[in-house]
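Reader: I am new to reading structures. Please take me through one part of this one, slowly enough that I can follow it on screen.

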Amino acid sequence: MADHSIRPVNVDSVEIRLIRLPLKEAFETSFGRVHSRLIFLVSVVGHGLSGWGEVVAMEEPLYSYETIGTALHAIRDYLAPALLTRPVEGLDDLAARFATFKGHNMAKAGLELAYLDLLGRMWELSLSGLIGGTRARVPVGVSLGIQPTLAALMERVDRYLALGYQRIKLKIKPGWDVDVVAEARRRHPEILLSVDANSAYTLNDLERLKALDAFNLLMIEQPLDHDDLLDHATLQAELKTPICLDESITGLRRAEQALRLGSCRLINIKVGRVGGYSQALAIHDLCHARGVPVWCGGMLESGVGRAHNLALASLPGFTLPGDISASSRYFERDVIVPEVRVAADGTAEVPPGPGLGFAVDLDYIENCTEAVERIEREY
Ligand code: OSB
Ligand code: MG
């Protein structure tokens with residue numbers, strides 16, 4: 001990573017933009033339902049080029065405390081000024097400037113992503129190449145939301161398997177769990193099947209969670225509180241099924257602590273949740289060295305965030321299918337060209353072109369824009 005990033009980059013301006021993309025169908029998790037995705041795009045302009053990133057925060061603080069609103073505040077008032085105050089000497093320099101400010105990981109990540117795309121375009125290297133990716137295609141899975149009926153869910157399970165998706169993840173909550181998993185497993189005895197509770201349970205639900213051990217699940221994702229490590233360690237000791245942490249892993253230190261405590265056996269890495277590439281790469285390296293499998297999570301990103309996820313998932317430690325589904329699984333039309341496609345073998349290409357490796361569809365983005373603001377260089 002370091003070699004190409006040491007030459008200083010003069011970023012002239014940061015543009016922050018909110019666009020609304022309708023979802024093809026509502027997405028429901030244990031914390032609520034969304035019908036459209038308000039997407040926060042960030043672009044940094046410098047050396048005559050633009051780099052693009054995405055802040056994956058949602059409108060309400062239901063997945064984590066960050067929202068579109070908190071990210072606007074953090075970027076406008078603290079992070080963009082820190083980026084624009086002097087030339088950026090590399091990813092470590094940028095991460096160190098941001099580390100002064102506590103939290104706001106998704107806001108930080110949006111800027112890191114945009115910066116790295118700009119760097120890739122400047123040096124004509126793909127993002128995957130810049131960060132040390134080793135795979136030209138990555139295996140993908142699909143995350144299926146809670147449905148009004150079991151039949152509606154099973155129709156989707158069958159449909160995505162027929163499209164080639166290599167892993168099915170079912171969103172669960174108390175009352176939409178054991179029976180649902182039992183039926184999916186009965187229909188498809190051999191598939192990679194996992195569940196994601198988004199913090200919907202407590203240790204009082206131990207018997208119900210233990211009942212999931214009967215279905216040979218690949219993992220149970222984030223069963224307990226969003227910021228918990230200790231109760232997860234207690235739970236993991238009682239379960240055969242590996243626990244995978246998502247919400248609880250907010251950075252390298254939390255990942256180290258989770259592994260030390262035995263809170264999980266797998267980690268879902270989301271570049272937004274951990275504050276950008278610098279932390280995502282560090283968590284990947286730690287897990288890879290310890291033989292802990294990682295995979296790339298998703299946040300219903302637009303093509304911009306999705307392209308970054310493809311690059312991240314090309315690293316050698318990402319051995320399990322990610323939540324990087326095709327653009328068409330979410331949207332009628334995506335903001336990148338071409339859109340992300342999933343082949344019949346359940347893999348997606350990691351684009352070899354510079355930066356993101358996709359063209360950004362500025363006309364369509366302009367059409368979908370609800371708000372835009374530019375912050376200029378200070379030196
Ligand atoms: O917990 O992984 C999650 C979507 C929004 C917020 C949190 C999560 C999810 C998903 C969908 O599971 C992943 C995707 O397909 O982008
Ligand atoms: Mg999750």
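Reader: Please look closely at the surroundings of ligand 1. How many nonpolar, polar and charged residues are in its shell?

Author: Start with the classes. The shell around ligand 1 has 7 charged, 5 nonpolar and 3 polar residues. Bear in mind that this is a predicted model.

Now find the neighbours on screen. Ligand 1 is surrounded by 15 residues. Ser143, Lys171, Asn198, Leu300 and Tyr330 are the closest of them.

Next, pick out some polar contacts. Take the side chain of tyrosine 330: one of its N or O atoms is 2.5 Å from an oxygen atom of ligand 1. The side chain of asparagine 198 also has an N or O atom facing such a partner, 2.8 Å from an oxygen of the ligand. Methionine 299 uses its backbone instead: an N or O atom there lies 3.3 Å from a ligand oxygen. How much of ligand 1 does the protein bury? Alone, the ligand exposes 390 Å², and the protein buries 100% of that. The space that ligand 1 takes is the largest cavity.

Stay with asparagine 198 for a moment. Its place is the loop between S7 and helix H8, which spans residues 206–211. Its phi is near 45°. That is a positive value, in a residue other than glycine.

Strand S7 leads to the metal. S7 covers residues 192–196, and aspartate 196 is in it. Asp196 is one of the protein donors of the magnesium ion, ligand 2. The others are Glu221 and Asp246. Asp196 and Asp246 give OD atoms, and Glu221 gives OE. These donors lie 2.1 to 2.3 Å from the ion. Along the sequence, their spacing reads D-x24-E-x24-D. Aspartate 196 and aspartate 246 link distant parts of the chain, 50 residues apart. Aspartate 246 sits in the loop between strand S9 (243–245) and helix H10 (252–261).

Methods:
Residues numbered from 1 in each chain as written. Chains lettered and ligands numbered in written order. Predicted model: local features only at pLDDT ≥ 70, side-chain atom pairs only at ≥ 80, totals over all residues. Heavy atoms only, no water. Near = heavy atom within 4 Å. Polar contact = N/O pair within 3.5 Å; in protein donor to acceptor, adjacent residues only side chain to side chain. Areas by Shrake-Rupley, 256 points an atom, 1.4 Å probe, with all protein chains shown as cover. 1 Å grid on protein atoms, 1.4 Å probe; cavity = no way out; pocket = protein on both sides within 12 Å on 5 of 7 lines; lining within 4 Å. Sits in = over half its atoms within 2 Å of the grid points. Nonpolar A, V, L, I, M, F, W, Y, C, P; charged D, E, K, R; others polar. Donors = N, O, S within 2.8 Å, 3.2 Å for Na, K, Ca; no water. Helix = DSSP H or I, 4+ residues; strand = E, 2+ residues; numbered from the N terminus.
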